[in-house]
Amino acid sequence: MTQAAQHYLPPMSPPGGLDYPTLPGAWDEMWDAEAGLRPHWRSLVEAMVALDEREWSARQQRIRRLLRENGVTYHVYNDPRGYSRTWELDPVPLVIDVAEWRAIEAGLNQRAILLDLILRDLYGPRRLLGAGLLPPDLVFGHSGFLRPLLGALPTDRPQMVFYAADLARGPDGQVWVMADRCQAPSGAGYAVENRSVMARTFPELLEEGAVARLNPWLEAVQATLNAIAPAARDQPQVVVLTPGPANETYFEHAYLAARLGYTLAQGDDLTVRDGRVWLKAVEGLRPVDVILRRLDEPWCDPLELRADSRLGTPGLVEAVRRGNVALANPLGAGVLENPAIMPFLPALSKALLGEELRLPMAATWWCGQEKEREHVLANLARLAIKPIDRGLASGTVFGPELDRAQLAEWRARIRAEPHRYVGQEILTLSTVPSLDNGRLAARYASLRAFLVRRDEAWLTLPGGLTRCSDGNMLSSQSGALSKDTWIVPVGHASAHMAAPRIQSEELLTSRAADNLFWAGRYLERAEAVARLLRVVLDGLWEEETAPGLGPVIDALMRLTGHTPDSRDCPEQTDIAACVRWLVTRSDQPGDLVHTVRALLGCAYATREHWSFAIWRLLNRLERDWGPSTTPQRTRSGTASRERTDHWLGRLIDTLAGLAGLASETLARDPAFRFFDLGRRIERGLVLAHVVNHVLGANLGGDAERESLSLVLQSMDSLIAFRRRYRAEPFLTGTLELLLWEADNPRSLIYQLHTGRLHLKAIPRSNRQPDAANKLAADHLLSSAEERLHAVEPPLTTPELDSNARIALRLALSDTVDRLYGVSDAVTHTWFTHVQEARSLRPLQQAPAQ
């Protein structure tokens, strides 16, 4: 095997000198085999020399921390980390000289114009087919050609809004186009986030290198989406259509929606009525003018495209056909991603543009033509075999990796359906320096470049998304590492662009409201159960010095899902062991782990609403309580109880931090109102149940005093009680603080009153049933307040007689019923009912006396 060449520069870290082994036969982006360091890299290398080994390690750790705290994820299917897999960014960027980049830009601009002309012809007059410039089988046999869209795309103006191309450099230094991405190109959001993280990690390097800025490209995206709205509107309604949280690039969808100021919507958040697309917002239906589509086109409309799609919006194609909504990119653009079109592009460029293609392409042979098919079959062992349709189970196969039997199988497959495959030359990709365990290593790389149409021209994102790997597979799904891409030098002045028109009306979808409401409920329930379990552990210690707390401990355990006669707990008679068991059980709605994970699901589905600070806490929650990091069941013993107490304390701190940050960072708009309304309803339910259980225990003397102390502790109100009364807990004082104190944010009256304020502030549609439901919810809360005040005892005596206890317990039970009624009314008024039903195990009612 040929040994990798070794090159050296003056001392630099990493690692104590630039020891960079290049790979034989590959063009290296940084190192020229004859001239040494390429000139446009020198500024970066010289700046990096100043970083010692410790500083370099710290910067790399900072990148990882920022990506994790910002919630930057990419879902690799079958990865055990699931949706929480953090995006990976190499700290060494790819550097491209600005002069070379201008030539690449010109070639991409030409290619985008050409593909747009082809798209308009294929769905319009189809002259290219009649002239023999494109074979009909190549077009009609591709799943991306959508027959329902024939005649639906105007031919008198450009249709494509976004275009992306996968680029690679060959051994001769020439940049080649490997694939065209025209349907819903992904990756631009990750490229922008990569730059944001690098700017916070290496601010001095970007400044000294005069690296091209990315913000003007995002401003152009906003301006273009506003301009393509069908009706002339100053502020058209734009939504980002996403498949949902299960999609691998969901972070990017939410990131772009938040960055551009658009509403993130799933297919069920939209409806088509009378040929118009409407958004199901909490205020009612709102017209949609432009859809930034991140959903693959076959799934967009179950009526006219894929009938089994549950991700799309029925009637969307008809709305497009009538010209009532603009899509970026338009439906039908997926046909341009057919790799079989590539060998025909040179002739098409001459016919449509009168020009030679400026950027070469990887040599490609479509097997639907006899001569080309025979060439592929004869050279199968040295070609890459690609299906013309993306998403086929076979995917790209590399001939050199196949044995004799596999080659024979592929020859038979191609002969059976030749029009479905292409053969493509395998290019030895260029290499880039990448940090690997503290040392620089050469990895193969490719670049995805992104363009947005601006009037009749195209604007290229200065840089793009670079991916690198040790092998041929450079997709993010295969685990390739990402890089920031720097275009240098460009000077310090940036191109002036007019300020974009911002979408001023921020609409909250019914789906998002549903998730936010339940995020509030799950957060409050998780915190309540964690506090109760922690109080039970404290109560077990107290019982050793103050016997008689058993009934209260049993009552608190009932609220957490365990009953004295339960057979679920493996060690039923050992309450401490049952607490440890409840901390890890996750199979029932209402279990602590189940509730925390449900909270994470709701937060992930509404990630565009959460600040970076909140995402840091959500990431901690995911690490501690996610599916792959469940706290292990602890063994019996004192240390085991301490570990359980530690888990619960850490969880309580995280949940309290989430609630506090949400109150501080969320604007007082409908999103906050629904989130906090869910919290108030759930906190009211927990309070009513806890107090009812304590009243039902009917203790006296020291046991009651200790039990009241535990209850106040579980409600985080023990210090407030002592500051107010300067005494040990007594019953009427505890009840006053927890039930009727209007200024106590932990009291039941406060929850009811705040809930009414939220209901008043949340907009509703003009439909009569919605108005009636909202009025009913307000009436339930106001009547609960009146009922509680009616049974409020005087503070002149520390105890309650039996009649007063019974009346109060009945009022608390009635409050519980009314709060559940409010939750139902909110659901029927504002939510879409298209998601899986939410569930929280009802808190157990206190046994009747």
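**Strands, helices and a few single residues**

Thr431 sits opposite Tyr444 of strand E20, and that pair is a handy way into this predicted model. The two strands involved are E19 (residues 431-436) and E20 (residues 439-454), which pair in the antiparallel sense over six bridges. Together they make a hairpin with two residues between the strands, and there Asn437 takes a positive phi near 55°. As for its surroundings, strand E19 is largely enclosed by the rest of the structure, because five of its six residues are buried.

Before going further, it helps to know how far the model can be trusted. The protein chain has a mean pLDDT of 85, with 84% of its residues at 70 or more. Two stretches call for some care. Over residues 492-502 the pLDDT stays under 50, and the model shows 15 contacts for them beyond four places in sequence. Residues 632-639 also have a pLDDT below 50, and that stretch has 12 contacts beyond near neighbours in sequence. Where pLDDT is low, the predicted coordinates should not be read in detail.

Next come the sheets. Strands of a sheet pair through backbone hydrogen bonds, in either a parallel or an antiparallel way. One open sheet has four strands in the order E15-E18-E16-E17, and its pairing is antiparallel. At its edges stand E15 (364-366) and E17 (397-398); each has a single partner strand, so one side of each is left without a neighbour in the sheet. The partner of E15 is strand E18 (residues 421-425), and the two pair in the antiparallel sense over three bridges. Within that pairing, Thr364 faces Gln424 of E18. Helix H12 (residues 370-378) packs on this sheet, where it touches E15, E16 (383-387) and E18, and its direction makes about 120° with that of E15. A further helix, H13 (residues 404-416), lies across E16, E17 and E18 and runs at about 130° to E18.

Another open sheet has three strands, ordered E10-E11-E12, again with antiparallel pairing. Its edge strands are E10 (270-273) and E12 (284-287), each of which pairs on one side only. From one strand to the next, the twist averages 40°. E10 and E11 (residues 276-281) pair in the antiparallel sense over four bridges, and Thr271 stands opposite Trp278 of E11.

A parallel pairing turns up as well: strand E5 (89-97) and strand E23 (residues 481-488) line up in the parallel sense over six bridges. In this pair, Asp97 is found opposite Val488 of E23. Strand E5 is mostly covered, with eight of its nine residues buried.

Leading up to E5 is a loop that starts after helix H2 (53-69), and Asn70 lies in that loop. Is Asn70 buried or exposed? With a relative accessible area of 5%, it is buried, because anything under 20% counts as buried. What does Asn70 touch, once its neighbours within four places in sequence are left aside? The list is Glu193, Arg200, Phe251, Arg607, Phe612, Trp615 and Asn619.

Helix H11 (residues 345-352) is a good place to look at how burial falls on a helix. Its buried residues include Leu345, Leu348 and Ser349. They cover an arc of only 105° around the axis, which puts them on the same side of H11. This fits a general rule: an α-helix has 3.6 residues a turn, so residues three or four places apart point the same way. Among the elements that cover the buried residues of H11 are helix H3 (98-122), helix H4 (127-130) and strand E7 (175-181). After H11 comes Gly354, which has a positive phi near 70°.

Last up is Glu318, a residue of helix H10 (residues 316-321). Its relative accessibility is 26%, so Glu318 counts as partly exposed. The side chain of Glu318 is joined to that of Arg322 by a polar contact of 2.9 Å. Glu304 is 14 residues away from Glu318 along the chain, and the C-alpha atoms of the two are separated by 8.7 Å.

How values were computed. Residues numbered from 1 in each chain as written. Predicted model: local features only at pLDDT ≥ 70, side-chain atom pairs only at ≥ 80, totals over all residues. Heavy atoms only, no water. Pairing = 2+ DSSP bridges. Contact = heavy atoms within 4.5 Å. Axes fitted to C-alpha atoms, helices over the stretch in contact; angles between N-to-C directions. Buried < 20%, exposed > 50% of the residue type's maximum accessible area, 1.4 Å probe, protein only. Arc of directions from axis to C-beta. Polar contact = N/O pair within 3.5 Å; in protein donor to acceptor, adjacent residues only side chain to side chain. pLDDT = per-residue confidence, 0-100.
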